[in-house]
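Here's a quick briefing to read alongside the model. Keep the sequence and the 3D view open as you go.

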2 protein chains.
Amino acid sequence: MNVETALEKLKEKGYKRTKQRERILEIFVKQDQYIAAKEILKEIQEDFPGVSYDTIYRNLYLLTDEEILEATELGGEKHFRLGCDTHGHHHHFICTECGKTKSIEFCPMNSINENLNGYDIENHKFEIYGKCPQCS
Amino acid sequence: MNVETALEKLKEKGYKRTKQRERILEIFVKQDQYIAAKEILKEIQEDFPGVSYDTIYRNLYLLTDEEILEATELGGEKHFRLGCDTHGHHHHFICTECGKTKSIEFCPMNSINENLNGYDIENHKFEIYGKCPQCS
DNA sequence: ATTTTAATTCGTAATCATTCTTATTTAAAT
DNA sequence: ATTTAAATAAGAATGATTACGAATTAAAAT
């Protein structure tokens, strides 16, 4: 997913193209890893000194709703990254030291054979935490 | 795990038996589901009007470290439940409506055959979210 | 090109969960 | 009964997130 494709997708839904939104997308395209809201803010302030957290969060949530970003909770903070839909659905190994991730193609939902009759499954989370080769 | 067993386990490590700690454990034994810190506080205040969040969190984290409780993040809040070590290691289906859980014996780490050479695995999380039979 | 409209942003305050600090209290060992 | 380390109370502080009114701006309509 690149910046233009994402902005196209938003335009179709009636969302406008703004400099701030474009800049946020650029950051995610450049850094392919989980990033916290405050880091996005810091980076954007170099170009737009006045951006507020409101703008950051509003956009992060919008982009997540539109499935352009995906979110996870790390150390009490929400983190976001570009949803790599090139790979299709997948999970992550997340380094607890540097935050870098490695995609995991294996999805437990394909292997599970547990009786969940009557349960309406909406979502699932599978993440492996540890040290990546560089940090261990 | 019952209250006495848990308190025994703590005593062996040199931790004291306090009314507040005992009461916290009772709540978890009675309600076998994920509970947020503020709900613990509310319930305990009926007996100890002065308890502070400090006491709640200190104990929740202590109990989690001692593997008496287990924790997960739900809706931006940490939630805790009694670690059901009778079942051994397992995961959960968590109802997004009422918070009730169903144990899942299947563990993806037993089925995964992904190349993670060089990665030092410390932990993992597998949870399924949705509506339980009562809520769907 | 101008106007209109709704979306978006800014600036700041408010909220909410969690953590910290210090003085005081308590369990349990001597 | 005394001592000592652990635990608690009370409230302030922090940090992430959310909320809100006013001002701005992108895009559509005229």
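A:Glu127 sits in strand E6 (residues 120–131) of chain A, where strands are DSSP runs of E with at least two residues, helices are runs of H or I with at least four, and both are numbered from the N terminus. This is a predicted model, so local features need pLDDT of at least 70 and side-chain atom pairs count only at pLDDT 80 or more, while totals for chains, interfaces and linings use all residues. Residues are numbered from 1 along each chain as its sequence is written, chains are lettered from A and ligands numbered from 1 in the order in which they are written, and side-chain values use heavy atoms, with hydrogens and water left out.

**Around A:Glu127**
- With a relative accessible area of 6%, A:Glu127 is buried (under 20%; over 50% would be exposed and in between partly exposed, using a 1.4 Å probe and protein chains only).
- Its side chain makes a polar contact of 2.5 Å with that of A:Tyr129 (a pair of N or O atoms within 3.5 Å; within protein, one must be able to donate a hydrogen and the other to accept it, and residues adjacent in sequence count only if both atoms are side-chain atoms).
- Setting aside neighbours within four places in sequence, A:Glu127 is in contact with residues of both chains, among them A:Tyr34, A:His92, B:Asn123 and B:His124 (contact means heavy atoms within 4.5 Å).
- A:Leu63 is 64 residues from A:Glu127 in sequence and 21 Å away in space, C-alpha to C-alpha.

**How the two copies relate**
- Chain B superposes on chain A with a rotation of 179° and 0.0 Å of shift along the axis, at an RMSD of 0.2 Å (a least-squares fit on C-alpha atoms of residues with pLDDT of at least 70 in both copies).
- The two copies are thus related as by a two-fold rotation axis.
- In chain B, the C-alpha nearest that axis belongs to B:Phe126, at 2.2 Å.
- Both copies use the same surface, as 100% of chain B's contact residues recur in chain A.

**At DNA strand D**
- There are 22 residues around DNA strand D, and A:Lys38, A:Tyr57, A:Tyr61, B:Arg21 and B:Arg58 come nearest (near means a heavy atom within 4 Å).
- Of the strand D atoms that come within 4 Å of the protein, 73% belong to sugar and phosphate.
- As for bases, a polar side-chain atom of A:Lys16 lies 2.9 Å from a base nitrogen of DNA strand D, and a side-chain N or O atom of A:Asp54 is 3.2 Å from a base nitrogen of that strand.
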